[in-house]
Amino acid sequence: MREITSLMDHYRIVARSIWNVGFWSQPDLRNWDSWDEFQEINKLLFNALVIPPSELTEGSAVTETDPFAALLIVPSSPTVPIMIHRPREGDRNNYWDDPVREVTATDAELHFLDYFDWDLMNYIDFQYYRVRIAKFASQPHLVGRDALLEHHQAKVFLNSE
């Protein structure tokens, strides 16, 4: 595995700058149509700033529901806080309140999905990694769920498998 945290941080800084300076700074552009436009730009940025230097390929995408399985998010301390999505039947809202509140680097395999902020119509920092739980030895019932880890409490690695 090769660490690519600095590469992902570069992408993160550029992407959030485009939203914060190009869109959010203009009150007329603080709307969902602008957010959708930004998401298209964000995809182009990822493809330009992360894919070539990391040597990811389109084949790195395992499935549509786990598009970046080759990007592993690994806790940078022995134990870090995690917020795990707990779905509610018939409710499409996201609740990040699963009782499991910690994760270790050796207990779980977490795949990068995106960066996350609570309020998308505000200044964004991409404070969290949004991940998909691919393996969780001590909590196998959580496999397949999404979770949030603080950006500063994890590193990004390219899975060479």
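Which residue is the bridge partner of Leu 72 in S6? It's His 111, and that pairing is a handy way into the fold. Before going further, keep in mind that this is a predicted model, where local features need pLDDT of at least 70 and side-chain atom pairs count only at pLDDT 80 or more, while totals for chains, interfaces and linings use all residues. Residues are numbered from 1 along each chain as its sequence is written, and side-chain values use heavy atoms, with hydrogens and water left out.

Let's start with the sheet. Strands here are DSSP E runs of at least two residues, helices are H or I runs of at least four, and both are numbered from the N terminus. Two strands pair if DSSP finds at least two bridges between them. On that basis there is an open sheet of 7 strands, ordered S1-S9-S2-S6-S7-S8-S4, with antiparallel pairing. S1 and strand S4 (83–84) sit at the edges with a single partner strand each, so one side of each has no neighbour in the sheet. As background, strands of a sheet pair through backbone hydrogen bonds, either parallel or antiparallel.

Now look at S2, residues 71–75, which is joined to S9 by 5 bridges in an antiparallel arrangement. Leu 72 stands opposite Phe 157 in S9, and Pro 75 stands opposite Ala 154 in S9. Towards S6, S2 has 2 bridges, again antiparallel, and here Ile 73 stands opposite Leu 110. Buried means under 20% relative accessible area, exposed means over 50%, and partly exposed is in between, using a 1.4 Å probe and protein chains only. By that yardstick 5 of the 5 residues of S2 are buried, so the strand is largely enclosed by the rest of the structure. Leu 71, Ile 73 and Pro 75 point one way from S2, Leu 72 and Val 74 point the other way, and all are buried.

S9 (residues 154–158) tells a similar story: 4 of its 5 residues are buried, so S9 is largely enclosed by the rest of the structure. Strand S1 (residues 2–3) runs antiparallel to S9 and is joined to it by 2 bridges, with Leu 158 as the bridge partner of Arg 2.

What about the core? A nonpolar core is a set of buried Ala, Val, Leu, Ile, Met, Phe, Trp, Tyr and Cys residues joined through side-chain atoms within 4.5 Å. The largest one has 37 residues, and Met 8, Leu 71, Ile 73 and Leu 149 touch the most other members. Helix H1 (5–24), helix H2 (32–49), S2, S6, S7, strand S8 (146–150) and S9 each supply at least two residues of this core, with H1 giving the most, at 6 residues. In general, nonpolar side chains in soluble globular proteins tend to be buried together.

Take Ile 73 as a close-up, with contact meaning heavy atoms within 4.5 Å. Leaving out residues up to four places away in sequence, Ile 73 touches Leu 110, Phe 112, Tyr 129, Val 131, Leu 149, Ala 154, Lys 155 and Val 156. Over in helix H1 there's Leu 7, which counts as buried at 18% relative accessibility. With the same sequence neighbours left out, Leu 7 touches Leu 49, Val 50, Pro 53 and Ser 54.

Next, the aromatics. Rings of Phe, Tyr and Trp (its six-membered ring) pair if their centres lie within 6.5 Å; planes under 30 degrees apart count as stacked, over 60 as edge-to-face and the rest as tilted. The count by this rule is 17 aromatic pairs. One of them, Tyr 115 with Phe 126, is stacked at 5.5 Å centre to centre, with 25 degrees between the planes. Ring pairs also link Tyr 11, Phe 46, Phe 112, Tyr 115, Phe 126 and Tyr 129 into a cluster.

Phe 126 deserves a second look. It lies in the loop between strand S6 (108–116) and strand S7 (128–136), and counts as buried at 4% relative accessibility. Phe 126 also has a positive phi of about 55 degrees although it is not a glycine. For context, most residues other than glycine have a negative phi.
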